[in-house]
Amino acid sequence: MIKDVVGVVIWTSNLERMVRFYRDALGLAPHSVHQDFVVFQFGNFRLNLGVHDKIQGHSNDPYRIMINLETSEIHHLSEVLQNQGVQFVRLPELEHWGGYVATFRDPEGNLLQLLQFPKTVTPIP
């Protein structure tokens with residue numbers, strides 16, 4: 001029985017460039033750093049970046065998977081990231097469920113989303 005999702009790996013051929021983006025642009029603190037693998041940890045969840053010999057260049061299908069990152073300041077954070085040259089596909093927009101979503105690319109074209117949840121969430125009946 002699966003109990004939880006504990007991590008995601010983004011494979012790359014350019015670990016240094018990807019780590020700079022996730023660490024410096026997004027402000028994530030590495031939990032552990034190895035020659036070919038870097039781990040960022042949030043509670044029990046790990047976002048991993050690693051070198052893989054079958055990966056070269058930009059993502060061929062960036063819409064297949066999106067990593068969602070929660071923030072309470074989506075408009076401010078989006079502006080900060082844009083000022084750092086981060087390419088947004090979708091600027092913050094209010095969703096029908098009351099929260100905001102913004103979508104952007106990492107250096108290899110993988111898509112990530114910022115999510116800002118509403119202050120109060122109405123339970124689904």
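Helices (H or I, at least four residues) and strands (E, at least two) are DSSP runs, numbered from the N terminus. The exercises below use these element names on a predicted model.

**Exercise 1. Describe the chain as a whole: its elements, their order and its extent.**

Step 1. Count the elements: the chain has 2 helices and 8 strands.

Step 2. Read them from the N terminus on; the order is β-α-β-β-β-β-α-β-β-β.

Step 3. Take the extent. The C-alpha trace spans about 45 × 40 × 25 Å along its principal axes.

Step 4. Add the surface and the burial. The accessible surface of the chain is about 8,400 Å², with 52% of this belonging to carbon and sulfur atoms. Of the 125 residues, 37% are buried.

Step 5. Consider the contacts with a separation of 6 or more: 51% of these are between residues 24 or more positions apart.

**Exercise 2. Place Glu-95 in the chain and decide whether Glu-95 is buried or exposed.**

Step 1. Glu-95 sits in the loop between β6 (88–94) and β7.

Step 2. Apply the cut-off: buried means under 20% relative accessible area. Glu-95 has a relative accessibility of 19%, so Glu-95 counts as buried.

Step 3. List the partners, leaving aside neighbours within four places in sequence: Glu-95 is in contact with Arg-90 and Val-101.

**Exercise 3. Do the same for Pro-107, and find how far Pro-107 lies from Thr-120.**

Step 1. The loop between β7 and β8 holds Pro-107.

Step 2. The relative accessible area of Pro-107 is 21%, and therefore Pro-107 is partly exposed. The class "partly exposed" lies between the cut-offs of 20% and 50%.

Step 3. Beyond neighbours within four places in sequence, Pro-107 is in contact with Arg-17, Met-18, Phe-21 and His-58.

Step 4. Compare sequence and space: Pro-107 and Thr-120 are 13 residues apart in sequence, and their C-alpha atoms are 34 Å apart.

**Exercise 4. Determine which residues and elements build the largest nonpolar core.**

Step 1. The largest nonpolar core has 23 residues, and Tyr-22, Leu-26, Leu-49, Leu-81 and Phe-104 touch the most other members.

Step 2. Assign the core to elements. At least two residues each come from α1 (15–25), β3 (37–42), β4 (45–51), β5 (66–70), α2 (74–83), β7 (100–105) and β8. The most come from α1, which gives 6 residues.

Step 3. Look at α1 itself: Leu-15, Met-18, Val-19, Phe-21, Tyr-22 and Ala-25 are buried there. Nonpolar side chains tend to be buried together in soluble globular proteins.

Step 4. Follow one core member. Apart from neighbours within four places in sequence, Leu-26 is in contact with Phe-21, Leu-69, Leu-81 and Phe-104.

Step 5. Note the residue Gly-27, which follows α1 and has a positive phi, near 75°.

**Exercise 5. Characterise the largest pocket by volume, lining and residue classes.**

Step 1. The volume of the largest pocket is about 440 Å³.

Step 2. Its lining has 21 residues, and those nearest the centre are Ile-10, Trp-11, Ser-59, Asp-61 and Asn-110.

Step 3. Trace the lining to strands: β1 (7–12) and β8 (111–116) each give at least two residues. The largest share is from β1, with 4 residues.

Step 4. Sort the lining by class: 11 residues are nonpolar, 6 polar and 4 charged.

Notes: Residues are numbered from 1 along each chain as its sequence is written. This is a predicted model: local features need pLDDT of at least 70, side-chain atom pairs count only at pLDDT 80 or more; totals for chains, interfaces and linings use all residues. Side-chain values use heavy atoms; hydrogens and water are left out. On a 1 Å grid over the protein atoms alone, a cavity is a set of points where a 1.4 Å probe fits but cannot get out, and a pocket is an open set with protein on both sides within 12 Å along at least five of seven lines; lining residues have an atom within 4 Å of a point. Grid points are joined across faces, edges and corners, and a volume is the space filled by probe spheres set on the points. Ala, Val, Leu, Ile, Met, Phe, Trp, Tyr, Cys and Pro count as nonpolar, Asp, Glu, Lys and Arg as charged, and the others, Gly among them, as polar. A nonpolar core is a set of buried Ala, Val, Leu, Ile, Met, Phe, Trp, Tyr and Cys residues joined through side-chain atoms within 4.5 Å. Buried means under 20% relative accessible area, exposed over 50%, partly exposed in between (1.4 Å probe, protein chains only). Contact means heavy atoms within 4.5 Å. Accessible areas come from the Shrake-Rupley method with a 1.4 Å probe; for residues, only the protein chains shown count as cover.
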